[in-house]
Every structure is written in structure tokens, then in C-alpha cells.
Amino acid sequence: MFNSFSERYADQVKLVTDALDQAGINNVLWGHVIEHFLEKSVSSCIDYIIHDGMAEKACQTLLAAGLEPCENGGECTATRHWEDRMEVAAHVHLEGTTLGGNKIPVMFWEKSSLLWAFPELPSSPPSSDDPYYMPIRIPWTYYDSRSQRPPIDLTPARMIKPVKIVEALIWLMCRDRNPNEGLEWGWEHRWQEILESWVQKAPGLAEHGLFCRNELRPDFLPLWDYLCGGEGGQTPKKHRAHYLGLQAKLRAENTLPSTPQPKRRTMKRLMQIIEYHSEKEYQKRVKRYSGNTPWIEED
Ligand SMILES: [Zn+2]
């Protein structure tokens, strides 16, 4: 691929996909692995989306194929318990010696947590006219316009078509966006960041037939065009209006699941909590020293 390390990395991705296929676990790659690949690099984790309830079987399949269980506990980069983000269903690690000591995590996400609105995941490399999924076969001219090399081919591994990745991210934004003002940054902030990276990549992909705007869900097009600068300047007000409008539409159609994101606290709510506690402390002291209450229980 790009160098000898990425060659070996690509071989591992093919091997893992093949093992999952052989075990009858429908799968598609997602996330950093695709984003890095399109930027001519490799990611420090490999994310697969699989059907709900299949994560345990997927791990057992890969352990039997020579991958390793996690030995890092709560400190593992795959679980990221210290970060505010969605939790992966399960993960294993590539065996260290295959990539020079890099025990890269292979992570499994359940379809309903990311792609609930999408059709069945592919059980084998999809055909080139599949509307949602595509084989990972990228012409070298995408990276270097003068290159004569044959396309990079990661078959049997497959990815979600870039325009459908955008579609999935818009679904996720609508699911996880909190309608209130002044909130702490939540998951929607992460989705938005990834979406912006696709805004950057889309023109280059389109030049090579890898991104077709018209294949986006029609009611998502106004938002996408806005993100791509179609309305001139972007403002927080316009931004909110686009998302809240779409969110309301999808809710009305009953197609938007509720967010699995933990409840967030507004700054205002946080101040209320602090004030409430100091008020309680004050009342306690008043009681203690007023003489009316000779004995007060300590916390
Ligand atoms: Zn781990």
C-alpha cells in the first residue's frame, strides 16, 4: 500500500474481515480506519460495525484466528472510559509481532448504535452498484494524479460509501444533538468534527467517482449543502436551525431513536446545584448555632 508497515496492516484488515465472513458475521469497516486510509495513512484502531448481539461471537472468532484478548483493562485506548463518547460493544487486539509490537485494537460496534437506518450489513464484498456499501478499491490517482499504479484493493474488506458515511453522521448528529442552549459539548460535537472532515474530503472523492452528492437522502441535502458553504457564511443560528428542523422532521416520522448519551448538565444547572448545596450548608449552620436545635446529625 503506502509502505511496508501499511502493507502488513492492510493484510491484517483483510485477514480479520475474511475470518468474520467465514464465521457468518456480517460486517463493514467504520471510522478512523477509513478516514486515515483516504489520507494515505493507517489508524491506531480498526473499527467494525456488526449486527447486534454478534460482538461476543466476533471476538471468539478472532481469538481463534490468532488475535489476543485485551490485557489493558480500563486503561485500554479501545474503551476510553475517561473520555465522553459512545462505548464499544467489545474488542480484541492484533497480535503484537504482526505489526512490530503494535497491539492495535479491533473494535466492534453494534449496528443499532450507529447505522439503525441502514439496510442489512454486507456478508461478503458488495457489488459496485450497492447503494450503501462498497469494496475498498481506491484508484491510485486519488492520491497522486500522475500515478500509473493499479488501484489499492483491500477486498474482502468493505466500507460504507463516503456519501452514506455523511448520511450516517447526520443521523447521529440529529440523534445526539441536545436542543438546549449553552450546553457542555456532547457527542454531537464529535460527530460535527468528523462531518467537517468529510466536507473537506468530498470534492477530491467526487473527482474520482467516490462521492456522489445526489445519493444522499434528499431531506439531508439542504444541511449538507449548507455545511459545504452553499448559503455563504455559516452562523450558529443557521446551524441550529438546520439541525433542529431536521431533528423535528425525523422525530415526527418516528425514525430517530433516543440518544444513549448520558444526561448533560448546563452551566446554569451546575450553578443551581452548587448554590443548592451551599444553601443547605447555610441552613445547617443556622440550625446548629441558633440554639433551637441542640443536636444536628453530621453527614
Ligand atoms: Zn484493549
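**Group meeting: a walk through the predicted model**

Among the contacts in this protein between residues at least 6 apart in sequence, 64% join residues at least 24 apart. I should say at once that what we have on the screen is a predicted model, and I would ask you to keep that in mind throughout. The protein has nine helices and six strands, and of its 299 residues, 26% are buried.

Let me begin with strand β2, and with the way its residues are placed. All five of the five residues of β2 are buried, so the strand is largely enclosed by the rest of the structure. In a regular strand, as you know, the side chains alternate between the two faces of the sheet. Here Ile 46, Tyr 48 and Ile 50 point one way from β2, while Asp 47 and Ile 49 point the other way, and all of them are buried. As for its partners, β2 runs antiparallel to β1, to which four bridges join it, and it runs parallel to β4, with five bridges between the two.

Within β2 I would like to stay with one residue, Tyr 48. Is Tyr 48 buried or exposed? It counts as buried, because 28 C-beta neighbours lie inside 10 Å, where 20 or more are needed for that label. On the side of β1, the bridge partner of Tyr 48 is Leu 29, and on the side of β4, Tyr 48 stands opposite Phe 108. If we leave aside its neighbours within four places in sequence, Tyr 48 is in contact with Asn 27, Val 28, Leu 29, Trp 30, Val 106 and Phe 108. For one of these, Val 28, I can give a distance: the C-alpha atoms of Val 28 and Tyr 48 are separated by 5.6 Å, although the two residues are 20 apart along the chain.

Now to helix α1, residues 4-22, which has 19 residues and should span 27 Å at 1.5 Å a residue; the end C-alpha atoms are 27 Å apart, which agrees with that expectation. The buried residues in α1 are Tyr 9, Val 13, Val 16, Thr 17 and Leu 20. They cover an arc of only 95 degrees around the axis, which puts them on the same side of α1. The general background is that an α-helix has 3.6 residues a turn, so residues three or four places apart point the same way. The face of α1 turned away from this buried side carries the exposed residues Ser 4, Glu 7 and Gln 22. What covers the buried residues of α1 includes β1, β2, α3, β4 and β6, and after the helix comes Gly 24, with a positive phi near 75 degrees.

The other helix I have chosen is α6, residues 187-207, with 21 residues and a reach of 31 Å from its first C-alpha to its last, close to the 30 Å expected at 1.5 Å a residue. Where does α6 bend? It bends by about 40 degrees at Lys 201, and a proline, Pro 203, follows within four residues. In α6 the buried residues are Trp 187, Glu 188, Trp 191, Leu 195, Trp 198 and Ala 202, and what covers them includes α5 and α7. The helix is followed by Gly 209, whose phi is positive, near 70 degrees.

I will finish with the backbone geometry. Most residues other than glycine have a negative phi, and most peptide bonds are trans. With that as background, there are three places to look at.

In the loop between α2 and β2 we find Lys 40, a residue other than glycine with a positive phi near 65 degrees. Lys 40 counts as partly exposed, because it has 15 C-beta neighbours inside 10 Å.

In the loop between α8 and α9 sits Asn 254, which has a positive phi of about 65 degrees although it is not a glycine. With 7 other C-beta atoms within 10 Å, Asn 254 is exposed.

The last place is a peptide bond, the one that joins Thr 155 and Pro 156, which is cis, with omega of about 10 degrees. Pro 156 lies in strand β6, residues 152-160, and β6 is also among the elements that cover the buried residues of α1.

Key. Residues are numbered from 1 along each chain as its sequence is written. This is a predicted model: local features need pLDDT of at least 70, side-chain atom pairs count only at pLDDT 80 or more; totals for chains, interfaces and linings use all residues. The expected span of a helix is 1.5 Å times one less than its number of residues. The bend at a residue is the angle between axes fitted to the seven residues ending there and the seven starting there. A residue is buried if 20 or more other C-beta atoms lie within 10 Å of its own, exposed if 12 or fewer, and partly exposed in between; C-beta atoms are placed from the backbone. Two residues are in contact if their C-beta atoms, placed from the backbone, lie within 7 Å. The arc is that of the directions from the helix axis to the C-beta atoms. Two strands pair if DSSP finds at least two bridges between them.
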